[in-house]
Amino acid sequence: FSDIRSFTALSEKNTPQETIDFLNSYLMSIGPIIRKNRGFIDKYIGDAIMALFPGGPDDAIDAALDMMQQLEEFNAIRTISRRDTIKIGIGIHTGECMLGTIGEEDRMETTVIADTVNTASRLEGLNKRFNTSILISQKTLDSLRNPGKYTITDLGFHQLRGKSDQLHIHEVICRQTGRE
């Protein structure tokens with residue numbers, strides 16, 4: 001999951017058309033990064049993106065780090081245009097999920113459903129509390145093919161909203177240079 005910080009405040013300053021134009025320009029800069037890293041976008045939820053990475057969490061973390069780099073370029077253009085810059089938060093969790101069709105007779109859609117999805121969303125939301133950008137679960141860390149490729153900080157166990165058990169979480173800082 002990724003989400004734009006303070007999106008409500010940003011949209012209050014703009015017309016609905018300006019908000020849609022902003023979102024489309026942001027999504028056009030981020031969507032290709034997800035695909036480049038072997039992910040696919042399940043859905044856009046307003047300013048949030050829900051993406052899946054069937055190849056594993058290394059792809060998700062690579063996409064997250066590339067998204068943060070792309071955000072710097074996106075914000076540089078916004079600064080030149082005298083527009084507010086933005087921040088995003090990303091939450092990554094690993095586990096099983098199911099793609100299915102939900103809805104009712106007059107309105108159906110496909111989506112991915114599972115506790116894994118809810119946990120990733122909750123992790124993304126914790127970025128606000130910790131003033132971080134990318135948070136992952138211990139399960140994600142344990143599933144990495146090459147954890148030494150990244151600089152990761154242990155943030156300990158924390159309660160996620162709506163969850164009964166605490167979750168061991170970590171912040172992903174960057175890729176370590178020369179560690180592919």
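The following exercises, each with a worked solution, concern a predicted model.

**Exercise 1. A salt bridge at Arg5**

Determine which residue meets the side chain of Arg5 in a salt bridge, and which parts of the chain the pair ties together.

Solution.
Step 1. The partner is Glu124, with an N to O distance of 2.4 Å. A salt bridge requires a Lys or Arg side-chain nitrogen within 4 Å of a carboxyl oxygen of Asp or Glu, and the pair is one of 13 salt bridges in the structure.
Step 2. Glu124 belongs to helix α4, residues 115-130, whereas Arg5 sits in the loop between β1 (2-4) and α1 (7-12); the pair therefore ties together parts that are 119 residues apart in sequence.
Step 3. Both Glu124 and Arg5 are buried.

**Exercise 2. A salt bridge between α3 and β9**

Asp62 forms a salt bridge with Arg175. State how far apart the closest N and O atoms are, and classify each residue as buried, partly exposed or exposed.

Solution.
Step 1. The closest N and O atoms of Asp62 and Arg175 are 3.4 Å apart.
Step 2. Asp62 is a residue of helix α3 (residues 57-80) and Arg175 of strand β9 (residues 166-175), so this salt bridge ties together parts that are 113 residues apart in sequence.
Step 3. The relative accessible area of Asp62 is 8%, so Asp62 is buried. For Arg175 the value is 27%, so Arg175 is partly exposed.
Step 4. Asp62 and Arg175 also belong to a network of salt bridges that links Lys36, Asp62, Asp66, Lys149 and Arg175.

**Exercise 3. A salt bridge of Asp115**

Identify the residue that meets the side chain of Asp115 in a salt bridge, and explain why the pair ties together parts that are apart in sequence.

Solution.
Step 1. Lys163 is the partner, at 2.5 Å from N to O.
Step 2. Asp115 is placed in helix α4, and Lys163 in the loop between β8 (150-159) and β9; because of these positions the pair ties together parts that are 48 residues apart in sequence.
Step 3. Asp115 has 46% relative accessibility and counts as partly exposed. Lys163, at 22%, also counts as partly exposed.

**Exercise 4. The packing of α2 and α3**

Describe how the axes of helices α2 and α3 cross, and give the composition of the contact of α2 with α3.

Solution.
Step 1. The axes of α2 (residues 16-36) and α3 come within 9 Å and cross at roughly 150°.
Step 2. Angles over 145 degrees count as roughly antiparallel, and α2 and α3 are therefore roughly antiparallel to each other.
Step 3. The crossing of α2 with α3 is right-handed.
Step 4. On the α2 side, the contact is made by Phe22, Ser25, Tyr26, Ser29, Ile30, Ile33, Ile34 and Lys36; these meet Ala63, Asp66, Met67, Gln70, Leu71, Phe74 and Arg78 in α3.
Step 5. The residues of this contact divide into nine nonpolar, three polar and three charged.
Step 6. Lys36 and Asp66, which take part in the contact, are also members of the salt-bridge network.

**Exercise 5. The surroundings of Asp3 and Gly156**

For Asp3 and Gly156, list the contacts that remain when neighbours within four places in sequence are left aside.

Solution.
Step 1. Asp3 is found in strand β1. With 14% relative accessibility, Asp3 counts as buried.
Step 2. The contacts of Asp3 are with Asp47, Ala48, Lys87, Ile88, Gly89 and Glu124. Among them, Glu124 is the salt-bridge partner of Arg5.
Step 3. Gly156 is found in strand β8, and its contacts are with Leu167, His168 and Ile169.
Step 4. Leu71 is 85 residues from Gly156 along the chain, and their C-alpha atoms are separated by 28 Å.

**Exercise 6. Backbone angles of Ser6 and Arg38**

Establish what sign phi takes in Ser6 and Arg38, and where each residue lies.

Solution.
Step 1. Most residues other than glycine have a negative phi.
Step 2. In Ser6, phi is near 55°, which is a positive value in a residue other than glycine. Ser6 is located in the loop between β1 and α1, and its relative accessible area of 56% makes it exposed.
Step 3. Arg38 is likewise not a glycine and has a positive phi of about 65°. The position of Arg38 is in the loop between α2 and β2 (40-45).

How values were computed
Residues numbered from 1 in each chain as written. Predicted model: local features only at pLDDT ≥ 70, side-chain atom pairs only at ≥ 80, totals over all residues. Heavy atoms only, no water. Helix = DSSP H or I, 4+ residues; strand = E, 2+ residues; numbered from the N terminus. Buried < 20%, exposed > 50% of the residue type's maximum accessible area, 1.4 Å probe, protein only. Axes fitted to C-alpha atoms, helices over the stretch in contact; angles between N-to-C directions. Parallel < 35°, antiparallel > 145°, perpendicular 65-115°, else oblique. Left-handed = near helix turned anticlockwise from the far one by under 90°. Contact = heavy atoms within 4.5 Å. Nonpolar A, V, L, I, M, F, W, Y, C, P; charged D, E, K, R; others polar.
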